[in-house]
Amino acid sequence: MKYILIIPDGAADEPIEEQGGKTAFELAATPAMDRIAREGRLGRALTVPEGCKPGSDVANLSLFGYDPRVGFNGRAALEAASLDITVPEGDAVFRANLVTVSPEHVMVDYSAGHISTEEGREIIEHLQKELDVDGITLHPGVGYRHICLMENAGSSVPECTPPHDIVGEDITEHLPQGQFSSWVLEVERASAEIMPNLDVNKKRVEDGKNPATQLWLWGGATAMTLSNFAERHGLGSAGLITAVDLLRGIGKLAGMDVIDVPGATAYLDTNFADKGRAALDYIYMHDFIAVHIEAPDEAGHIGDLAGKVKALEDIDRHIIAPLLAMANYYGDWRILVAPDHPTPVGTGKHSSTPVPYAMWGPGIEPNGAKAFNEREAERVGGDTVDGIGLMDVFITSAGADSGTADGAAESGASGEDVDAAEAALEDLVADVESGADGEASA
């Protein structure tokens, strides 16, 4: 058996009054997702346990079956793991955003205009040399997302506000709290004295782009571990496709094969098609593949409804439809589509509201759904399920009888199989685009 998890990050939403009460899912043309909902089981899952903040860290750990209330205290530990950064015992680690703050202390942009990885690396490397703050080590990451290690601060990690939650607000109303909060402020203020004068920022201003005016530390944590994902679910091996450090960290700590896809940007311009092709390639090497797509979340944060709708349509066409076609052809694949959390375009902030999910494949009986969206999930889904247990239901209810990763690779498709599957793919894509119904192989 093969298992595929598709995570359209932040895709769930709230009814939008200006759109007749519809959500982005209801506005988007997603025939493949709708087919999965019709022929499989549609429901609602609570991925943010009571008492937890609705972050991507908490919600994605839940989707992979890890309880975020046990052994987890902040997302920066996951992001450090993605970059192979060791967090020494007793130290704290923070996510360090490059942000744009106005002279009036307003958080203008949590991503400094989605600054490039090359520009971000140049800034972080300069700060590491010039920042006059003891006990601090900066590590470059991807785009605007970077890492800050703080020596001997692990005993009381300061509480910091995510910058994407305070866009348009006065940052002085959201200062860090806790024993070492003054240390965090010292880093941020020192960076604000250096960064506006860097050549890379002067060039960005000339080009009409938001400059990176300072660091913003948040997501503080200490070192953590995760049990091996494949072993705990009785699988031979597992792979993860993502462009986001947080997810890469989960994958590395969980013993997954973390797969890089050229052109995957963790933004609206990501390479959807190559992510879909990578999933098709690697599912023959592993028993389980997860594909995470950040684009809907980014659109939600900036209130871009059209961008969110387009991202959902691109995910459906370039990732889900090809995987569904191949699953339909081979017959022993299961697919789970589940956002990690809502990021409503109306608020631009994460929500802890339950998300819709749909399972499709052998052993999964339809429950009368007509489409994949929040309203339909509430209508047919019954009680909201525990998001932490969703992965167990997805895998163990059908029996994880697959062998080792080597066995999976050896049982991969022959040339004739691929030709036949590609023909099935063309037929199914034409089918879902026309909105026609069809019988699943399950």
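Student: Which element gives the most to the lining of the largest pocket?
Tutor: That is β7, with 3 residues. Keep in mind that this is a predicted model.

Student: What is the volume of the largest pocket?
Tutor: About 620 Å³ of space lies in the largest pocket.

Student: And which residues lie closest to its centre?
Tutor: K53, D57, E159, P162 and G219 are the closest, out of 25 lining residues. Two elements give two or more residues to this lining: α3 (56-63) and β7 (214-221).

Student: How does the lining of the largest pocket split by class?
Tutor: It has 10 nonpolar, 8 polar and 7 charged residues.

Student: What about the second largest pocket, what is its volume?
Tutor: The second largest pocket has a volume of about 430 Å³. Its lining is made of 23 residues. Nearest its centre are T117, V142, A264, T265 and A266. The class split of that lining is 11 nonpolar, 7 polar and 5 charged.

Student: Switching to cavities. How many of 30 Å³ or more turn up in the whole structure?
Tutor: The search finds 1 cavity of 30 Å³ or more. About 130 Å³ of space lies in the largest cavity.

Student: Which residues lie nearest the centre of the largest cavity?
Tutor: R75, R95, Y144, E294 and D297, from a lining of 18 residues. The elements that give two or more residues to that lining are α9 and α11 (295-301). The largest share, 3 residues, comes from α11.

Student: What classes line the largest cavity?
Tutor: The lining has 7 charged, 6 nonpolar and 5 polar residues.

Student: You mentioned α9. Why is α9 called largely enclosed by the rest of the structure?
Tutor: Helix α9 covers residues 245-253, and 7 of its 9 residues are buried, so the rest of the structure largely encloses it.

Student: Which residues of α9 are the buried ones?
Tutor: D245, L246, L247, R248, G249, I250 and G251.

Student: What follows α9?
Tutor: G255 follows α9, and its phi is positive, near 75°.

Student: Back to R95. Which side chain does R95 meet in a salt bridge?
Tutor: R95 meets E79, at 2.7 Å from N to O. E79 lies in helix α4 (residues 76-82) and R95 in strand β3 (residues 92-101), so the pair ties together parts 16 residues apart in sequence.

Student: Buried or exposed, those two?
Tutor: E79 is buried, with a relative accessible area of 2%. R95 also counts as buried, at 2% relative accessibility.

Student: How many salt bridges are there by this rule?
Tutor: The count comes to 17 salt bridges. One of them joins K308 to D13, with the closest N and O atoms 2.8 Å apart. K308 sits in helix α12 (residues 305-330), while D13 is in the loop between β1 (2-8) and α1 (24-27), so the pair ties together parts that are 295 residues apart in sequence.

Student: Are K308 and D13 buried or exposed?
Tutor: Both are buried.

Student: What about E125, which residue does E125 form a salt bridge with?
Tutor: R121, and the closest N and O atoms are 3.5 Å apart. The two are 4 residues apart in helix α5 (residues 117-130), which separates them by about one helical turn. E125 counts as partly exposed, at 40% relative accessibility. R121 is partly exposed as well, with a relative accessible area of 38%.

Student: Which residues do shared salt-bridge partners join into one network?
Tutor: R75, E79 and R95. R75 and R95 are also among the residues nearest the centre of the largest cavity.

Student: Last topic, the nonpolar core. How many residues does the largest nonpolar core have?
Tutor: It has 50 residues. Those with the most contacts inside it are L5, F64, V93, F229, F288, L336 and I395. A second, separate core has 47 residues, including A11, A327, W333 and A377.

Student: Take V93. What does V93 touch, leaving out residues up to four places away in sequence?
Tutor: V93 touches A76, A77, A80, V87, I147, C148, L149, G219, G220 and A221. G219 is also one of the residues closest to the centre of the largest pocket.

Notes: Residues are numbered from 1 along each chain as its sequence is written. This is a predicted model: local features need pLDDT of at least 70, side-chain atom pairs count only at pLDDT 80 or more; totals for chains, interfaces and linings use all residues. Side-chain values use heavy atoms; hydrogens and water are left out. A nonpolar core is a set of buried Ala, Val, Leu, Ile, Met, Phe, Trp, Tyr and Cys residues joined through side-chain atoms within 4.5 Å. Buried means under 20% relative accessible area, exposed over 50%, partly exposed in between (1.4 Å probe, protein chains only). Contact means heavy atoms within 4.5 Å. On a 1 Å grid over the protein atoms alone, a cavity is a set of points where a 1.4 Å probe fits but cannot get out, and a pocket is an open set with protein on both sides within 12 Å along at least five of seven lines; lining residues have an atom within 4 Å of a point. Grid points are joined across faces, edges and corners, and a volume is the space filled by probe spheres set on the points. Ala, Val, Leu, Ile, Met, Phe, Trp, Tyr, Cys and Pro count as nonpolar, Asp, Glu, Lys and Arg as charged, and the others, Gly among them, as polar. A salt bridge is a side-chain nitrogen of Lys or Arg within 4 Å of a carboxyl oxygen of Asp or Glu.
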